Amino acid sequence: MALDALRATSIFADVPDEHLQRLAEQAIPMSLREGDFLIREGDQADDLFVVVSGTFDVTKRSGTSEIPIATVGPGAIQGELAALERGKRLASVQAVTDAEVLRIPYLAMHDLLSGGPDAALAIIRTVIGRLRGMEATLRQREKLAGLGTLAAGLAHELNNPAAAIRRSVEALDSAIAARNALHPPHSLTLLRPAGRAPLDALSRADAVDEIEALIGDTEMAAALVDAGWTSDELRGAFSGMDAAAAHEAAAWLAATATVETLIGEVRMAGDRISEIVGAVKSYAYLDQAPIQRIDVRKGLDDTLVILRHKLKAGIEVTRDYDPELPEIEAWGSELNQVWTNLIDNAADAMDGRGAISIKAECPDADEVRVSICDTGPGIPPDVAAKIFEPFFTTKPPGIGSGLGLHISHQVVVRHGGRIDLESEPGRTCFIVTLSVTMPKSVGGTPLPSP
């Protein structure tokens with residue numbers, strides 16, 4: 001049975017009989033019930049499997065979700081990618097029905113590959129096809145994950161100014177009603193404070209005490225100080241008034257200050273929303289040609305706006321931009337995806353605490369160089385050697401797809417540039433070098449959607 005099952009697979013179809021017979025003798029039959037896992041993502045890989053009967057779902061974890069990759073049946077080979085590399089399992093394989101499989105030990109495969117080129121070529125074809133299919137599926141997932149990150153950031157960033165507008169508008173109703181209930185002298189309604197620089201905490205407290213001594217109300221005194229009034233200005237404004245009139249005049253001025261403050265808060269929150277919307281439109285290069293001349297500094301700043309919710313808790317960001325930095329030819333939205341991946345990875349590497357420095361410079365007239373550095377633990381040399389490989393990730397299963405840096409590398413290379421890594425404990429830098437003018441060999445080829 002084992003020999004017939006192996007012969008029925010595309011990967012072993014061309015293997016000479018004597019080699020396949022030896023492999024069949026080393027195969028180990030296994031029975032699984034519906035719901036059993038044949039392979040679990042993240043486990044160490046030692047063997048590969050041939051499905052003899054039954055059906056299996058192949059999935060890859062993303063956050064709390066299992067993303068369907070394929071459904072396979074008799075004749076399918078599973079686990080060959082990780083088994084041949086002796087690495088971690090890239091996906092999970094779970095029985096949909098009762099099933100029979102053959103477990104092929106790694107050493108048996110090693111013997112087979114040593115026996116001749118036919119089996120090796122068949123396995124290589126299968127591996128390449130499997131990698132292409134998985135990468136295509138995960139590329140789409142990575143794109144959706146990027147949209148999810150963008151949406152989460154926007155929801156967080158827009159919620160704060162929207163809530164501020166709502167609170168201020170609600171408070172305006174009562175503030176305006178309170179002011180309209182007062183009737184100060186007409187001349188007083190035309191007065192405004194001379195204005196002064198914002199006070200530090202100690203000076204503000206002293207100013208509030210002075211005005212409170214004049215009008216006898218702490219809350220009104222604080223509102224008047226924040227509006228810019230001084231005790232001398234108020235004495236001048238209240239000149240000739242009796243105590244009751246002066247108190248009502250002070251109440252009107254304080255109410256006016258409150259209204260103006262609330263209006264200022266609404267204006268500030270509206271400006272913040274406009275900034276976010278503008279940054280998103282610029283980030284995505286909406287309504288613009290696919291290739292255009294772009295300001296790299298603007299793309300970096302827009303990316304920081306998008307990721308602000310993730311960075312502001314405990315990460316200090318410093319920027320050092322060459323004021324004479326030239327514009328470059330590029331697919332702007334794709335480059336912004338690169339900046340997003342690199343900055344997001346830097347934040348993850350520091351676990352939300354540390355510093356990110358971003359530098360944009362022009363080493364010569366034909367190139368622009370962007371360095372994104374963090375104060376994380378660094379990347380060991382053995383990891384750094386694989387950092388741009390597809391599916392390679394040091395994050396736990398379900399956290400990273402292993403495609404972010406691979407896609408970033410592809411984007412930069414297709415722009416005719418390069419991306420380098422420098423890392424040591426306490427400092428990791430990704431350095432992206434781009435040509436000011438896109439090379440003609442890549443300028444006509446659109447980039448894939450990340």
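The following exercises, each with a worked solution, treat strands, salt bridges and surface charge in a predicted model.

The model is predicted, so local features are reported at pLDDT of at least 70 and side-chain atom pairs only at pLDDT 80 or more, while totals for chains, interfaces and linings use all residues. Residues are numbered from 1 along each chain as its sequence is written, and side-chain values use heavy atoms, with hydrogens and water left out.

**Exercise 1.** Determine the strand order of the open sheet that contains β8, and state which strands stand at its edges.

Solution. Begin with the terms: strands (E, at least two residues) and helices (H or I, at least four residues) are DSSP runs numbered from the N terminus, and two strands pair if DSSP finds at least two bridges between them. Four strands form the open sheet in the order β1-β8-β3-β6, with antiparallel pairing. The edges are β1 (28–32) and β6 (77–78), each of which has a single partner strand, so one side of each is left without a neighbour in the sheet. Next, inspect the pairings of β8 (residues 99–105): five bridges join β8 to β1, with Ser31 opposite Glu100 and Leu32 opposite Ala99. Six bridges join β8 to β3 (residues 47–53), and here Val50 has Leu102 as its bridge partner. Finally, consider burial, where buried means under 20% relative accessible area, exposed over 50%, and partly exposed in between (1.4 Å probe, protein chains only). Five of the seven residues of β8 are buried, so β8 is largely enclosed by the rest of the structure.

**Exercise 2.** Find which salt bridge links β3 to β8, and contrast that pair with the one formed by Asp232 and Arg235.

Solution. A salt bridge is a side-chain nitrogen of Lys or Arg within 4 Å of a carboxyl oxygen of Asp or Glu, and the structure holds eleven of them. The side chains of Asp47 and Arg103 meet at 2.8 Å, N to O; this pair links distant parts of the chain, with Asp47 in β3 and Arg103 in β8, 56 residues apart. Asp47 is buried at 14% relative accessible area, whereas Arg103 is partly exposed at 26%. For Asp232 and Arg235 the N to O distance is 3.2 Å, and these residues are three apart in helix α9 (residues 231–237), which means a separation of about one helical turn. Asp232 is exposed at 58%, and Arg235 is partly exposed at 45%.

**Exercise 3.** Describe how β12 is paired, and identify the network to which Glu361 belongs.

Solution. Strand β12 (residues 354–364) runs parallel to β10 (residues 315–321), with seven bridges between them, and Arg319 stands opposite Ile358. With β13 (residues 367–374) the sense is antiparallel, again over seven bridges, and the two strands form a hairpin with two residues between them. Across this pairing Glu361 stands opposite Arg369, and their side chains also form a salt bridge, the closest N and O atoms being 3.2 Å apart. Salt bridges that share partners join Lys359, Glu361 and Arg369 into one network.

**Exercise 4.** Locate Glu210 and classify its exposure.

Solution. Glu210 is found in helix α7 (residues 201–215), and its relative accessible area of 44% makes it partly exposed.
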